[in-house]
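This report concerns salt bridges and the packing of helices. The structure is shown first, and the account follows.

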Amino acid sequence: MTQTAQPGTNDQDPAAAADLTTDDLPPKFAQATKAKRRAPAHEATSTRERILDVALDLFVAQGYDGTSLRQIAEQLGVTKAALYYHFESKEEILRALHMRLHEFGKNALDSVGDNPMTLEIWGRLLDQIVDQMLVQRKLFLMHERNQAVLEKLHSEEHDAEHDDIQNQFRKILLDTRVPERDRVRMAAAFGAAFAGLFLAGESFPDSDTVKLGDMLRECIGDVISG
């Protein structure tokens, strides 16, 4: 039997109206796809982010392999049909979480422009990235605890995005207008920032976020200033 959404329940996922009581996925997916065409964009975005947040908590607590789509749906109080409205598979959810990290570096690099990099500007960029990433410490913890499955995570979109970010970093570090000494310091400071952030989840789980950020910035500053 299908369930009809009640008027005024804006928080209910539009795909829930297409729910079936069985686990026959193709019909669920088909009906969820129809519902998707009718969903307001802001509702779809909000629900999509809630799915990712819940999945992140579960992937951290019990691992990617130990988490099912049904558990994610139950935590959200929706059905599996609602999940298929936003994501075709659990792997797609993991990929979307992984891509959140790309956004941090991408936004910072997009602001650089074509002018030669300086240590001062590089320090400000890393400071911005540290602030953004510390808010999402759980993402790094998820990566640390699910490394095997993340290593298998590939798609054209992900690989293209990853290559684009890497190429931007290479372009900066290969810019001969910048003294070699400075470029070495920039590379080392970048490594210090990201190594600290990736290790923060498992190595410093009880560390205060603000305090950890201050210590990371101090390390970055030491590397940059020499």
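Arginine 217 is partly exposed, with a relative accessible area of 25%; buried means under 20% relative accessible area, exposed over 50%, and partly exposed in between, for a 1.4 Å probe and protein chains only. Aspartate 214, at 44% relative accessibility, is likewise partly exposed. The two residues form a salt bridge in which the closest N and O atoms are 3.4 Å apart, a salt bridge being a side-chain nitrogen of Lys or Arg within 4 Å of a carboxyl oxygen of Asp or Glu. Aspartate 214 and arginine 217 both belong to helix α11, where 3 residues, about one turn of the helix, separate them. Helices are DSSP runs (H or I, at least four residues), numbered from the N terminus.

The model is predicted: local features need pLDDT of at least 70 and side-chain atom pairs count only at pLDDT 80 or more, while totals for chains, interfaces and linings use all residues. Residues are numbered from 1 along each chain as its sequence is written, and side-chain values use heavy atoms, with hydrogens and water left out.

The whole structure contains 11 salt bridges, including those tabulated here.

| Acidic residue | Basic residue | N to O distance |
|---|---|---|
| Glutamate 49 | Arginine 100 | 2.8 Å |
| Aspartate 182 | Arginine 181 | 3.9 Å |
| Aspartate 214 | Arginine 217 | 3.4 Å |

Glutamate 49 lies in helix α2 (residues 41-62) and arginine 100 in helix α5 (residues 90-110), so their salt bridge ties together parts that are 51 residues apart in sequence. Glutamate 49 is partly exposed at 32% relative accessibility, whereas arginine 100 is buried at 14%. Aspartate 182 is also buried, with a relative accessible area of 17%.

Helix α11 (residues 209-225) also packs against helix α6 (residues 119-135), at an angle of about 160° and with the axes 10 Å apart. Axes are lines fitted to C-alpha atoms, for helices over the stretch in contact, and angles run from 0 to 180 degrees between N-to-C directions. The angle makes α6 roughly antiparallel to α11, a term for angles over 145 degrees. On the α6 side, the contact (heavy atoms within 4.5 Å) involves Leu119, Trp122, Gly123, Leu126, Asp127, Val130, Asp131 and Leu134. On the α11 side, the participants are Thr209, Leu212, Gly213, Leu216, Arg217, Ile220 and Ile224. Arg217 thus takes part in this contact as well as in the salt bridge with aspartate 214.

How values were computed: Helix = DSSP H or I, 4+ residues; strand = E, 2+ residues; numbered from the N terminus. Parallel < 35°, antiparallel > 145°, perpendicular 65-115°, else oblique.
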